[in-house]
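These are my notebook entries on a single chain. I set down each point in the order in which I looked it up.

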Amino acid sequence: MAKLGDNKKPAIVRVATEERAQEIYALCENNGWKVVIGIEPDKVEDISDVQKLLGMRVENTKTIYNFKTIGRNDPCSCGSGQKYKKCCGK
């Protein structure tokens, strides 16, 4: 089965300007993806195939979240200067 972005199943993109087409082409070329770009100024831009390819690349990475918990006696994060329990923690 052909993967999106290869020779048998290139990404299909519709853009309004030549500058945007060059931008999309450079992105695909850097990642080794095959793409067919149509320049149609009177239609809405459609780059969903390239977005899918970018999503596939991003899915393989891990995202690390650092959440800091606010204690009741810490200053409130809204900037009021009050303790959290007396301000937004009610």
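Which side chain does a polar contact of 2.9 Å join to that of Asp-46? I looked this up in the model, which is a predicted one, and found the side chain of Ser-48.

**Entry on Ser-48.** I placed Ser-48 in helix 2, which covers residues 48-59. I then checked its exposure: the relative accessible area of Ser-48 is 28%, so the residue counts as partly exposed. I also looked up its C-alpha separation from Arg-14, a residue 34 positions away along the chain, and read 9.3 Å.

**Entry on cysteines.** I searched for disulfides and obtained a count of zero. I examined Cys-76 in particular: its nearest cysteine sulfur belongs to Cys-88 and lies 3.5 Å away. A disulfide requires the two sulfur atoms to be within 2.5 Å, so this pair does not qualify. I next looked up burial. Cys-76 has 7% relative accessibility and therefore counts as buried. Cys-28 is likewise classed as buried, because its relative accessibility is 0%.

**Entry on the chain.** I recorded two helices and two strands, arranged along the sequence as β-α-β-α. The chain has 90 residues, of which 17% are buried. I noted an exposed area of about 7,300 Å², with 51% of it supplied by carbon and sulfur atoms. Lastly, I looked at contacts between residues at least 6 apart in sequence; 47% of these join residues at least 24 apart.

Conventions. Residues numbered from 1 in each chain as written. Predicted model: local features only at pLDDT ≥ 70, side-chain atom pairs only at ≥ 80, totals over all residues. Heavy atoms only, no water. Buried < 20%, exposed > 50% of the residue type's maximum accessible area, 1.4 Å probe, protein only. Helix = DSSP H or I, 4+ residues; strand = E, 2+ residues; numbered from the N terminus. Polar contact = N/O pair within 3.5 Å; in protein donor to acceptor, adjacent residues only side chain to side chain. Contact = heavy atoms within 4.5 Å. Areas by Shrake-Rupley, 256 points an atom, 1.4 Å probe, with all protein chains shown as cover.
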